[in-house]
Amino acid sequence: MDKDESERNYDAVDNLKLEDGLVPVAVTAFDVMGQEGKILKSGCMGKASRASATFPGLFQPCKWHDSGSKFYLMDGGLKDPHGLVGLKDLGRQGEKKRIVNLCAGNYWPSPVGPSQLPKGLNATEMVSISIENSPPCGPWAMDNGRRAVEASMHALNEVLDVPMHKGAEESHFILRVDAKAFIP
């Protein structure tokens with residue numbers, strides 16, 4: 001099977017694998033050819049992140065090989081706007097989970113509560129954390145990336161002991177983190 005330049009570059013680096021993470025990981029992507037969501041639970045973590053964040057129209061779909069098949073993947077938000085669908089495949093079937101939903105920016109229109117979770121995902125508790133006011137990043141502001149990560153990291157460290165607010169539903173808590181004061 002021929003690999004293009006980008007695939008060889010991923011293979012040349014000793015990348016962390018999704019299945020080797022300290023915490024179980026399931027990344028949501030969208031299969032352009034099959035027109036359906038795809039849950040990535042094994043393979044290169046960097047490439048899975050790249051596939052999941054491939055914004056349609058701005059970036060080319062990411063090639064992904066799985067079980068002898070080739071997929072062209074892009075932003076999982078096309079079918080899974082909150083990135084939670086893959087969580088139902090982690091752990092034992094039917095097992096109640098504690099979910100932390102981390103968002104860079106504001107939740108729109110509001111944080112997802114337990115009753116809005118994808119079918120088959122059972123949660124005993126849910127925490128929604130939004131990191132707000134970090135420098136905007138994107139194709140036209142790539143140099144803000146390092147500043148945004150640094151500000152977000154410092155802001156999160158500062159609020160680890162800050163009380164959370166009750167969400168709109170039972171067992172749902174919200175923590176809003178303002179990164180503005182930590183922008184380098």
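What radius of gyration would a compact globule with 184 residues have, and what does the protein have? A compact globule would come near 16 Å and the protein has 18 Å, which agrees.

**View 1. The whole chain of the predicted model.** The protein contains 3 helices and 8 strands, and, read from the N terminus, these elements follow one another as α-β-β-α-β-β-β-β-α-β-β. The C-alpha trace spans about 55 × 45 × 30 Å along its principal axes. Of the 184 residues, 32% count as buried, while the area that the protein exposes comes to about 11,900 Å², with carbon and sulfur atoms supplying 53% of it. Among contacts between residues at least 6 apart in sequence, 60% join residues at least 24 apart. The side chains include 21 positive and 24 negative ones, and the centres of the two sets lie 4 Å apart.

**View 2. The open sheet with the order β5-β6-β8-β7.** This sheet has 4 strands and mixed pairing, and its edge strands, each of which pairs on one side only, are β5 (97-104) and β7 (165-166). Strands of a sheet pair through backbone hydrogen bonds, in either the parallel or the antiparallel sense. Here β5 and β6 run parallel and are joined by 8 bridges, and β6 (residues 123-132) also pairs with β8 (residues 172-178) in the parallel sense, over 7 bridges.

**View 3. Strand β6 and the residues that face its partners across the pairing.** Because 8 of the 10 residues of β6 are buried, the strand is largely enclosed by the rest of the structure. Ile129 is a useful place to follow the pairing, since Leu102 stands opposite Ile129 of β6, and Ile129 in turn stands opposite Leu175 in β8. Beside it in the sequence, Ser130 stands opposite Arg176 in β8.

**View 4. The antiparallel strands β1, β4 and β3.** Strand β1 (residues 27-31) and strand β4 (residues 69-75) run antiparallel and are joined by 3 bridges; in this pairing, Phe30 stands opposite Met74 in β4. Strand β3 (residues 62-66) likewise pairs with β4 in the antiparallel sense, over 5 bridges, and Asp66 stands opposite Ser69 in β4. The two strands β3 and β4 form a hairpin with 2 residues between them, and in the turn Ser67 has a positive phi of about 50 degrees.

**View 5. Tyr72 in strand β4 and its surroundings.** Tyr72 has a relative accessible area of 26% and is therefore partly exposed, since the buried class requires a value under 20%. When neighbours within four places in sequence are left aside, Tyr72 is in contact with Phe30, Asp31, Val32 and Met33, and also with Pro61, Cys62 and Lys63. Of these residues, Phe30 also appears in the preceding view, where Phe30 stands opposite Met74 in β4. The C-alpha atoms of Tyr72 and Ala51 are separated by 8.4 Å, although the two residues are 21 residues apart along the chain.

**View 6. Ala148 in helix α3.** Helix α3 covers residues 144-158, and within this helix Ala148 counts as buried because its relative accessibility is 7%, under the 20% limit. Not counting residues up to four places away in sequence, Ala148 touches Ser134, Pro135 and Cys137. Ala148 and Ile183 are 35 residues apart in sequence, yet they lie 7.0 Å apart in space, C-alpha to C-alpha.

**View 7. Two loop residues with positive phi, Asn133 and Ser171.** Asn133 lies in the loop between β6 and α3 and has a phi near 65 degrees, a positive value in a residue other than glycine; its relative accessible area of 42% makes Asn133 partly exposed. Ser171 is placed in the loop between β7 and β8, where it has a positive phi of about 65 degrees although it is not a glycine. With 27% relative accessibility, Ser171 counts as partly exposed.

Technical notes
Residues numbered from 1 in each chain as written. Predicted model: local features only at pLDDT ≥ 70, side-chain atom pairs only at ≥ 80, totals over all residues. Heavy atoms only, no water. Rg over C-alpha atoms; globule rule 2.2 N^0.38 Å. Buried < 20%, exposed > 50% of the residue type's maximum accessible area, 1.4 Å probe, protein only. Contact = heavy atoms within 4.5 Å. Areas by Shrake-Rupley, 256 points an atom, 1.4 Å probe, with all protein chains shown as cover. Lys, Arg positive; Asp, Glu negative; His and termini not counted. Charge placed at Lys NZ, Arg CZ, Asp CG, Glu CD. Pairing = 2+ DSSP bridges.
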